[in-house]
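Here are my notes on the two ligand sites, written up as numbered points. Have the structure open while you go through them.

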Amino acid sequence: MTNVTVLGAGAWGTTFGQVLADAGNNVTMWAIEPEIVEGIRDHHHNGVRLPSVAVLPNNMTATGDRAEAVRDADIIIVAIAAQFARVALQEFKDLIPKTALVASLMKGIERSTGKRMDEVVTETLDLPAERFAAISGPNLSKQIADREPAATVVGCTDLDNARTIAAACSTDYFRAFVTRDVIGLEMCGSLKNVVALAVGMARGAGYGENTAAMIETRGLAELTALGAAAGADPKTFAGLAGVGDMIATCGSPLSRNYTFGSNLGKGLSVEEATKVSNGVAEGVPTTDAVVALGKQYGVATPLATAMSHVLSDGISCAQMLSELFDEGISEE
Ligand SMILES: NC(=O)C1=CN([C@@H]2O[C@H](COP(=O)(O)OP(=O)(O)OC[C@H]3O[C@@H](n4cnc5c(N)ncnc54)[C@H](OP(=O)(O)O)[C@@H]3O)[C@@H](O)[C@H]2O)C=CC1
Ligand SMILES: O=C(CO)COP(=O)(O)O
């Protein structure tokens, strides 16, 4: 029996814990908040972050004790809001078993450093690259919590380790593919959130499918160019973690990023949209990091730049859309 520990009992962390439990693993959730720990451990319920699931599986428990959480773990899954991953993981640095594999569900770029989560996790835990995996795909948590069929991609430079993690999270409703392209998965997952903010904003402002499709395809071109410059395999962007996640996230009010954008499009301020957000909208802090990465790699990032002007300067949706294009006629 494999012992899997999930750090962070948010909506996706808890849902993924359920997937792992359904796959037959012993699952331990670690959370800071005592209310969440007690809820999962004593009542098999996470009423704070995943109230839609009435009863979590029996082979899923929780603790607030860091050492106890990871002591016997074969696999550790990190599901903490990206901007807090470094500070949270520092506390685990000397506790992680020397043979454990560590996988990240997070989709964001650290704003203060411009680093991807693979960089943040390996650096903070002093973990060799071959023991780190990124997990990314079209994975809206509520639908997977309802056990609707879905798939994801597990990326690790060591394909055998990717396969081990993929096997640990495979169930009759959840399928995991593997890749070596960790950078591609990280860039897809992080950058599509910025695109979802823009699509949500356009939809919230009342625009239709043509506008959404325009933003999505221009966004895909932008994230492919930036990802390739960062070292990703461009093929990854056409797969589940790229186009797949873009379709799911940009088309669903279940996405926190889409909904955040939609609220901006309806006229809410960034502060107001943050207040009503049902969980972390990673695209918000990631937007500026994408702009900075674009400058670092010499890649144009008109979409992220326009969204940055929305978030920092409060420009309108129409202004944001007009900033996406040059004055002249350009080749697609
Ligand atoms: N929800 C989804 O559908 C999907 C989410 N993701 C990604 O997974 C990651 C987690 O998302 P999700 O679980 O949905 O997010 P939630 O907003 O539901 O939860 C965020 C998690 O981060 C934790 N956290 C925040 N700050 C700290 C801190 N300082 N120390 C420790 N823990 C902290 C929260 O703990 P606490 O509850 O105690 O505040 C909570 O467990 C994100 O990067 C997201 O982009 C990826 C695919 C799908
Ligand atoms: O990444 C997701 C779906 O794959 C979830 O998106 P949100 O974080 O916007 O809810």
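**Notes on the two ligand sites**

1. The shell around ligand 1 leans on three classes of residue: 14 are nonpolar, six polar and five charged. Keep in mind throughout that this is a predicted model, so treat every distance below as a computed value from that prediction.

2. Which residues come nearest to ligand 1? Out of the 25 residues around this ligand, the ones to look at are Ala-11, Arg-49, Ser-141, Val-280 and Glu-282. By element, helix H1 (residues 11–22) provides the largest share of the shell around ligand 1, namely three residues.

3. Now the backbone contacts to ligand 1. Val-280 has a backbone N or O atom 2.9 Å from an oxygen atom of ligand 1. For Asn-139, a backbone N or O atom is 3.3 Å from an oxygen atom of the ligand, and for Leu-105 the corresponding value is 3.4 Å, again from a backbone N or O atom to an oxygen atom of ligand 1. As for burial, ligand 1 on its own has 890 Å² of accessible area, and the protein covers 87% of it.

4. On to ligand 2. You'll find this ligand surrounded by a set of residues that includes Gly-137, Pro-138, Asn-139 and Leu-140, along with Asp-245, Thr-249, Leu-254, Ser-255, Arg-256 and Asn-257. Lys-107 and Lys-192 are also in that set. Sorted by class, the shell around ligand 2 has three nonpolar, five polar and four charged residues.

5. What do the two lysines do at ligand 2? A polar side-chain atom of Lys-107 is placed 2.9 Å from an oxygen atom of ligand 2, while Lys-192 puts a polar side-chain atom 2.7 Å from an oxygen atom of ligand 2. The protein buries 92% of the 300 Å² that ligand 2 exposes when taken alone. Two elements give two or more residues to the shell around ligand 2: helix H10 (240–250) and helix H11 (256–265).

6. Asn-139 deserves a second look. Its backbone (an N or O atom) lies 2.9 Å from an oxygen atom of ligand 2, and a backbone N or O atom of Asn-139 also lies 3.3 Å from an oxygen atom of ligand 1.

7. Where do the ligands sit? The space taken by ligand 1 is the largest pocket, and ligand 2 sits in the largest pocket too. Domain 1 (1–179) and domain 2 (190–322) each give at least three residues to the shell around ligand 1. For ligand 2, the shell likewise takes at least three residues from each of domain 1 (1–179) and domain 2 (190–322).

Methods
Residues are numbered from 1 along each chain as its sequence is written. Chains are lettered from A and ligands numbered from 1 in the order in which they are written. This is a predicted model: local features need pLDDT of at least 70, side-chain atom pairs count only at pLDDT 80 or more; totals for chains, interfaces and linings use all residues. Side-chain values use heavy atoms; hydrogens and water are left out. A residue is near a molecule or strand if one of its heavy atoms lies within 4 Å of it. A polar contact is a pair of N or O atoms within 3.5 Å; within protein, one must be able to donate a hydrogen and the other to accept it, and residues adjacent in sequence count only if both atoms are side-chain atoms. Accessible areas come from the Shrake-Rupley method with a 1.4 Å probe; for residues, only the protein chains shown count as cover. On a 1 Å grid over the protein atoms alone, a cavity is a set of points where a 1.4 Å probe fits but cannot get out, and a pocket is an open set with protein on both sides within 12 Å along at least five of seven lines; lining residues have an atom within 4 Å of a point. A molecule sits in a cavity or pocket if more than half of its atoms lie within 2 Å of its grid points. Helices (H or I, at least four residues) and strands (E, at least two) are DSSP runs, numbered from the N terminus. Ala, Val, Leu, Ile, Met, Phe, Trp, Tyr, Cys and Pro count as nonpolar, Asp, Glu, Lys and Arg as charged, and the others, Gly among them, as polar. Domain bounds come from an automatic or database domain assignment.
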